[in-house]
Structure formats: C-alpha cells, structure tokens
Amino acid sequence: MEMEDQMESQKRRGMSKEDLISERTGSLGACGWVIVILAGLFTVLLFPITIWFCLKIVQEYERAVIFRLGRITDRKPKGPGIFFVLPCTDSFVKVDLRTISFDIPPQEILTKDSVTVSVDGVVYFRVSDPIASVANVSNADFSTRLLAQTTLRNVLGTKNLAEVLSDREGIAHSMQSNLDEATDNWGIKVERVEIKDVKLPVQLQRAMAAEAEAAREARAKVIAAEGEMNASRALKEASLVIAESPSALQLRYLQTLNTIAAEKNSTIIFPLPMDVISHFMRK
C-alpha cells in the first residue's frame with residue numbers, strides 16, 4: 001500500500017499543471033450524471049423561480065471557478081460577466097485577479113556576521129491561475145504572506161550587515177525569484193518585492209556613528225597636513241624667487257601695506273631689517 005502511494009505521488013510530481021487540472025475535471029460517473037440530469041429537469045420545470053438562482057455575475061477583475069458535485073467543470077474559469085450554474089449540484093468560488101500588496105511585519109534577523117537587525121518589506125502579487133489558486137492551496141493569500149516572512153529571514157540570514165545595508169535591490173530581486181518559484185504551483189505571480197526599512201540596535205548605531213566620525217577626522221587631518229606641505233613648498237619656491245632680486249622683497253612689502261590700508265586698519269606694523277637695528281645697537 002505504501003509503495004502504491006509513493007508511486008502515485010511520484011506520478012503526480014511528474015505531471016504538469018494542465019494534467020492535474022484535467023484529472024480533477026474527469027467524468028462525474030453514472031450516479032453523478034443522474035443527479036445532474038435531475039437538477040437540470042428541476043431547473044427547467046421551475047424556470048421562473050430557479051432562474052434567479054442559476055444566473056450569476058462576476059466583475060471584470062474577477063473569475064469564477066465552478067465545482068459540479070465537487071469537481072471542477074472546466075479548465076478555464078468563468079467570467080467576467082454573466083454565467084449559469086445548476087442549483088443543488090454546482091457551487092463556485094470567486095477569485096480576485098487584481099494586484100494585492102501587503103507589508104511584511106518587521107523580522108528580527110541574525111545576519112551572517114552575527115548582528116541582529118529588524119527588517120520589513122512589501123510584496124506585490126496577483127493570481128495568474130484562478131483554478132490552481134483554489135484547488136492547490138487552501139488560502140493562497142495567507143500562504144503567500146507566511147512564505148514571504150520565511151523567505152525574508154532565509155535570504156537575509158546569508159548576508160553580512162554591510163550587504164544588507166547596501167544591496168537592498170539585490171536582496172529584493174532574490175526574494176522575488178524565490179517567492180515566484182515557490183508560489184507557481186499555487187497560481188500566484190509575485191510581481192515585485194521591496195525592502196522598506198532596516199533598523200539597527202541603538203548601541204550599534206552609536207558605534208557606527210563614532211567609527212564614521214573618527215574616519216572623517218582622520219581624513220581631515222590628512223588633508224590639512226597635505227595642505228601645509230603644499231603651502232611650505234610654495235613658500236620655499238617664492239623665497240627662492242625673491243632672493244634672486246632684492247627689489248622684489250620691497251615690492252612685496254608695498255603690496256602688503258596696500259592690502260592692510262584697504263581694510264581700514266588703525267594700526268600698521270613696519271618691519272625693519274635686522275642689519276639696521278644692529279647698527280643702532282652698536283652705538
């Protein structure tokens with residue numbers, strides 16, 4: 001018995017989605033057809049009354065999956081517009097084909113480098129196969145939400161903190177691929193996944209801020225030292241040029257006086273050469 005069940009499951013895994021649907025839409029059997037014929041005669045005899053139970057309408061963005069005696073009647077869903085069902089034997093399920101979005105609740109995740117972060121996101125999906133979404137999973141919407149949470153935890157668990165903070169687009173694309181592949185048998189098409197926010201612990205934020213501040217201060221000191229070095233080289237070259245012509249020093253002195261006078265200063269300092277002062281000191 002167990003061997004037969006295993007062979008049957010392997011056979012089902014090898015079947016395509018269309019084969020599974022055709023298997024579900026098989027014959028109703030002799031008893032089933034008798035019940036359907038009786039329901040049809042009952043509908044015809046009481047047509048003025050039963051017409052209100054047979055006539056159904058679905059919107060443009062909806063499709064109806066009809067079950068007749070527990071079996072799907074057709075490979076294609078009904079709608080949009082008007083369709084008919086038999087009373088007592090037929091039942092139908094409406095499926096919304098519009099894109100649905102939902103927020104992934106914040107997940108406490110331990111990254112690859114052992115840092116705890118809280119990450120949330122948003123997922124956009126729609127029903128691509130109404131029959132598979134009804135027949136293959138009990139609640140496609142709820143199942144997709146749970147799968148999105150577990151997929152987010154699994155994907156981020158393989159990333160370092162730096163990758164989580166910088167490579168959001170790659171993480172979202174990886175999540176979309178994994179979700180789309182997992183929900184294909186459910187008739188769900190995942191259109192887009194986005195990472196909304198990454199929250200770090202307060203202590204880690206302070207440590208990262210202190211590290212960034214220290215790095216900026218180090219770069220500022222290096223830039224200031226390079227500026228001093230370039231200025232000293234320029235002053236050395238200027239002194240060599242002035243040393244070649246003593247009159248250049250006097251011209252530079254006059255330019256400095258002009259600059260000081262333009263600023264309307266009340267005090268002006270006149271520098272005197274050391275040889276003049278030494279002459280007076282000897283006397």
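**Exercise 1. Find which residues R153 touches, leaving out residues up to four places away in sequence.**

Solution.
- Step 1. Apply the cut-off: contact means heavy atoms within 4.5 Å.
- Step 2. List the residues: R153 touches Q107, E108 and I109.
- Step 3. Look for a polar contact (a pair of N or O atoms within 3.5 Å; within protein, one must be able to donate a hydrogen and the other to accept it, and residues adjacent in sequence count only if both atoms are side-chain atoms). The side chains of R153 and Q107 make one, at 3.1 Å.
- Step 4. Place the residue: R153 lies in helix 6, residues 140–156. Helices (H or I, at least four residues) and strands (E, at least two) are DSSP runs, numbered from the N terminus.

The model is predicted: local features need pLDDT of at least 70, side-chain atom pairs count only at pLDDT 80 or more, and totals for chains, interfaces and linings use all residues. Residues are numbered from 1 along each chain as its sequence is written, and side-chain values use heavy atoms, with hydrogens and water left out.

**Exercise 2. Decide whether R153 and S133 are buried, partly exposed or exposed.**

Solution.
- Step 1. Recall the classes: buried is under 20% relative accessible area, exposed is over 50%, and partly exposed is in between (1.4 Å probe, protein chains only).
- Step 2. R153 has 40% relative accessibility, so it counts as partly exposed.
- Step 3. S133 has 8%, so it counts as buried.
- Step 4. Set this against the whole protein: buried residues make up 24% of its 283 residues.

**Exercise 3. Describe the surroundings of S133.**

Solution.
- Step 1. S133 sits in helix 5, residues 130–135.
- Step 2. Its side chain reaches the backbone oxygen of P130 at 2.7 Å.
- Step 3. Leave out residues up to four places away in sequence. S133 then touches V95, V127, A140, W186 and G187.

**Exercise 4. Work out which strands stand at the edges of the open sheet with order 3-2-5.**

Solution.
- Step 1. Count the elements: the protein has 11 helices and 8 strands.
- Step 2. Read the sheet: its 3 strands pair antiparallel. Two strands pair if DSSP finds at least two bridges between them.
- Step 3. Strand 3 (71–72) and strand 5 (90–96) each have a single partner strand, so they stand at the edges, and one side of each is left without a neighbour in the sheet.
- Step 4. Check one pairing: 2 bridges join strand 2 (residues 62–68) to strand 3. F67 has I72 in strand 3 as its bridge partner.
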